[in-house]
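Work through the exercises below with the model open. Try each task before reading its solution.

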Amino acid sequence: MSVLVMKFGGTSVATLDRIRRAAKRVGTEVAKGHDVIVIVSAMSGKTNELVGWVNETSPFYDAREYDAVVSSGENVTAGLMALTLQEMEVPARSWQGWQVPLRTTSAHSAARIEEIPTDNITQKFGEGMRVAVVAGFQGISPEGRITTLGRGGSDTTAVAFAAAFDAVRCDIYTDVDGVYTTDPRVCRKARKLDRIAFEEMLELASLGAKVLQTRSVELAMRYNVKLRVLSSFEEPSDEAGTLVCGEELIMESNVVSGVAFSREEAKVTIVTVADKPGIAAAIFGTLSDAGVNVDMIVQNVSESDYEGHEGKVTDMTFSCPNDQLKRAEKALEAAKAEGKLTYDRLEAETDVAKVSVVGIGMRSQSGVAARMFETLAQEGINIKVIATSEIKISVLVERKYMELAVQALHDAFELEKA
Ligand code: ASP
Ligand code: MG
């Protein structure tokens, strides 16, 4: 029997009416002969409300109780979805994470999935159940406590089930109709992609395209799970949405598939650090211990005998999310006070944004960087920092030019054309 995984996000189960609409889609797939595993999120807004209640009750909360509270939204939708399917005469039952059991690590509020035994659900399918409705986002720790997988975690639940049950596909129903070349709110010419490679999606997701939790894409790539992102508000069709899949399923694509951006970046320069072995390790070790996600790094040319410094000195520049800037500064200053690092001062810029072009086609085509930099130059946009990977080029620019940069790059790489 072929298993299909269908995941419904918060907006797709926001009301009883929408749950009914989602259940109809499930019924259609059952009629096609699939056994279906439905993964549900909490009704939209519910998880935020639960998180708010926890914070209000206990500012320094016990993470185990946080998970006990915030996981409950999914229990409600799972039960309601199973009831709705039963009303439609589709044999269905609900499963909470611990009943499967979806085993995770003990890292409460950010647990990782360790194992999904398939026996229980497979047995029920054998007995005539056609739909297993599973509460997303939750699992059980080795200590027997309820865990959650981090915000947006139901995507990861869905992909993990698809991998465990060797599903034909994992359909992610959401409120957008697919993955776009860039955010349509920033660039009106943004186009929906029919297909996108795992690696590209991973870059876009980690760069802030919020359609899928980044971990779910990592997991899909590792287990080669075909992922389809589609809207639950559109008429169903086989071509709907965007297929996130292995490169081998993408016949031909543009050199650049998408333009991503992140508005809230900060750039920090550590002025006059010693240029000797171990300094980069000391700086970035300090930042990583403080939980700062450093993205771009540039080490400037070094100078000898600089004003009162012995030996060679250099400036080190890095970027990180704006809301981690304070933490970064504090950690670096503490390291300086403890004598682990010496530098003259920190210079921070908080009005910067990151813009990136992403595409697997870059591996085989040269000239992408040149075209990107020329495009920005024509718009008079100054580039502050550059970083590249095999399939991505990112630049840091002044925030007020971010929209312009995205639009100009979208035009330059002709992303409106398929
Ligand atoms: N309900 C959880 C959240 O809002 C998990 C999810 O929907 O993916 O983050
Ligand atoms: Mg989501």
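**Exercise 1. The ligand site**

Which backbone N or O atom lies 3.4 Å from an oxygen atom of ligand 1? Then list the side-chain polar contacts and the shell.

Solution. First, the conventions. This is a predicted model, in which local features need pLDDT of at least 70, side-chain atom pairs count only at pLDDT 80 or more, and totals for chains, interfaces and linings use all residues. Residues are numbered from 1 along each chain as its sequence is written, chains are lettered from A and ligands numbered from 1 in the order in which they are written, and side-chain values use heavy atoms, with hydrogens and water left out.

Step 1. The backbone atom belongs to Gly 153. Here a polar contact is a pair of N or O atoms within 3.5 Å; within protein, one must be able to donate a hydrogen and the other to accept it, and residues adjacent in sequence count only if both atoms are side-chain atoms.

Step 2. Turn to side chains. An N or O atom of the Glu 74 side chain is 2.6 Å from a nitrogen atom of ligand 1. For the Arg 151 side chain, the partner is an oxygen atom of ligand 1, at 2.7 Å. On its own, ligand 1 has 260 Å² of accessible area, and the protein covers 86% of that (Shrake-Rupley method, 1.4 Å probe; for residues, only the protein chains shown count as cover).

Step 3. Complete the shell. Around ligand 1 are Ser 41, Thr 47, Glu 74, Phe 137, Arg 151, Gly 152, Gly 153 and Ser 154 (a heavy atom within 4 Å).

**Exercise 2. Backbone geometry**

Find the cis peptide bond, then examine phi at Phe 137 and Asn 224.

Solution. Step 1. The bond from Val 100 to Pro 101 is cis, with omega near -5°. Pro 101 sits in the loop between strands S3 (92-95) and S4 (103-104). Strands (E, at least two residues) and helices (H or I, at least four) are DSSP runs, numbered from the N terminus.

Step 2. Phe 137 is not a glycine, yet its phi is positive, near 80°. Its loop links strand S6 (131-135) and strand S7 (138-140). Is Phe 137 buried or exposed? Its relative accessibility is 4%, so Phe 137 counts as buried (buried is under 20% relative accessible area, exposed over 50%, partly exposed in between; 1.4 Å probe, protein chains only).

Step 3. Asn 224 also has a positive phi, about 50°. Asn 224 lies in the loop between helix H8 (214-223) and strand S11 (227-231).

**Exercise 3. Two enclosed strands**

Why is S6 described as largely enclosed, and which strands pair with it?

Solution. Step 1. Five of the five residues of S6 are buried, so the rest of the structure largely encloses it. Val 131, Val 133 and Ala 135 point one way; Ala 132 and Val 134 point the other.

Step 2. Strand S2 (residues 35-40) pairs with S6 in parallel over five bridges. Ile 39 has Val 134 as its bridge partner. S3 also runs parallel to S6, with four bridges. There, Ser 94 is matched with Val 133. Pairing requires at least two DSSP bridges between strands.

Step 3. Repeat for strand S19 (residues 392-398). Six of its seven residues are buried, so S19 too is largely enclosed. Strand S17 (residues 345-358) joins S19 antiparallel through seven bridges. Strand S18 (residues 385-389) is antiparallel to S19 with five bridges. A two-residue hairpin connects S18 to S19.
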